[in-house]
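Trainee: I would like a close look at a single part of this protein, with each term explained as we reach it. Could you take me through one buried histidine and then set it beside other parts of the chain?

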Amino acid sequence: MFSKLSLLLPVATHVLVNAREVTFPSISGFTLQQTIPGYNEPDISQSKFAGLMTYANLPYVHCLAGEDEKVEKYDIAILGAPFDTGVTARPGARFGPSGIRQGSRRIAPGTGWSVYTGENVLLDWAKIVDCGDAPLTFLDNTVALKQLDKAHEVVSSKSTNSSEYITPRIVTLGGDHTTTLSALRSTYEHWGQVSVIHFDSHLDTWDPDVLGGGISHYAGVNHGTFLHIAHEEGLIRNTSIHAGIRAPMVRPKGDLRNDLRCGFQIIKARDIDRFGVSGVIARLRERVNGTKVYISVDIDVLDPAFAPATGTAEVGGWSTRELLSIIDGLEGLEVVGADIVEVAPVYDNSGETTVLAAAEVVLSLIGLMVKTPVQGADHP
């Protein structure tokens, strides 16, 4: 018996050694041409789950390099704004940029073909890059916003890859909603006043004297007053519009009057029950028709069931599918800038539903920019 086992041992050892080299036959109907690049090849140059993380695995470019440094050209830039000291409720959105990038890990240019359109906006005419985050202090809001103003100025002034469309456009990853003020200042310098499509559960046009200003002028600049300030600075048109509003107000009549003065109309969250997605799209398009547009998306426009990771959650919001359908329905508008803000990953669940939703919103915003290029027209 022992001698028989001795004879079989070399054979068993040979089988074990070669087990690592087993080649499995192709599955019926599955050819080599159907493999997904990067998944079935031993390529260690583009790991999805380790190393430097960029939005949608796009190339990183040091867009904020000094004037004497050569910077790779781009047409659309992703810029993080890790700032959350302008909030009136839960903090944490300073980690929003990294959270959104994490939520985008499964998105990549090589596998980004839309099942709805058959298009891949990441591999179209525009060169899209991730510029990383603007370096912002967390100790002084005034200094931090000046730093963000400068970051937008630098990123938007670089040379484009396209010879026809000479001004880069920026999608900002917030950060709390105060960061949109810097983005609007930047778009004004290049395109003049813009119509703002503001997806949010809150108005964010509160007078600084009402929300924060009673304490100090410094406190009056926050995530609930930035649109009022943008109006005061002449950055936005009186053809702007909110979508998804449902939060309570500070002054039942005064807030609405002030909102109207700031140039906004309102689509409430429950209006979607009467008009449907197509009706909301039609009202948005009609409002901003013929103007340059800036789209700002506060993740709390979604119901907390879909996006719990935010600082000022309000129940009764839209679903992720509804929001994405509405944004995609804005194709054809001249979108000169956009952002997704108020993502605070610390409050997300184990399934990361908020950062996944935010990452998909960014992809839709990029799609609008790619499908409708905008000629550079610097404001005189």
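Mentor: What follows starts with His177 and its surroundings and then turns to other places in the chain.

This is a predicted model, in which local features need pLDDT of at least 70 and side-chain atom pairs count only at pLDDT 80 or more, while totals for chains, interfaces and linings use all residues. Residues are numbered from 1 along each chain as its sequence is written, and side-chain values use heavy atoms, with hydrogens and water left out.

His177 is found in the loop between strand S3 and helix H4, which spans 180–191; helices (H or I, at least four residues) and strands (E, at least two) are DSSP runs numbered from the N terminus. His177 counts as buried because its relative accessibility is 0%, where buried means under 20% relative accessible area, exposed over 50%, and partly exposed in between, using a 1.4 Å probe and protein chains only. The side chain of His177 makes a polar contact with the side chain of Ser296 at 2.6 Å. A polar contact is a pair of N or O atoms within 3.5 Å; within protein, one must be able to donate a hydrogen and the other to accept it, and residues adjacent in sequence count only if both atoms are side-chain atoms. Leaving aside residues up to four places away in sequence, His177 touches Ser296 again, and with it His198, Asp200, Asp204, His223, Phe226, Asp298, Asp339, Val341 and Glu342, a contact being heavy atoms within 4.5 Å.

Asp204 leads on to Thr225, since Asp204 is also among the residues that Thr225 touches, together with Trp206, Asp207, Pro208, Leu211 and Gly220, again not counting residues up to four places away in sequence. Thr225 lies in the loop between strand S4 (195–199) and helix H5 (226–232), and at 0% relative accessibility Thr225 counts as buried. A polar atom of the Thr225 side chain lies 3.1 Å from the backbone nitrogen of Asn222.

Elsewhere, the structure holds 1 disulfide, a disulfide being a pair of cysteine sulfur atoms within 2.5 Å. Cys63 and Cys131 form this bond, with their sulfur atoms 2.0 Å apart. The pair links distant parts of the chain, 68 residues apart, as Cys63 is in the loop between helix H1 (2–19) and strand S1 (76–81), whereas Cys131 is in strand S2. The torsion about the S-S bond of Cys63 and Cys131 is about -70°, so the disulfide is left-handed. Cys63 is buried at 0% relative accessibility, and Cys131 is buried with a relative accessible area of 3%.

A search of the whole structure also finds 1 aromatic pair. Trp125 and Tyr165 form this tilted pair, at 5.2 Å centre to centre and with 55° between the planes; rings of Phe, Tyr and Trp (its six-membered ring) pair if their centres lie within 6.5 Å, and planes under 30 degrees apart count as stacked, over 60 as edge-to-face and the rest as tilted. Trp125 counts as partly exposed at 28% relative accessibility, whereas Tyr165 is buried, with a relative accessible area of 18%.

For the wider setting, the protein chain has 9 helices and 8 strands, and buried residues make up 49% of its 380 residues. Of the contacts between residues at least 6 apart in sequence, 78% join residues at least 24 apart.
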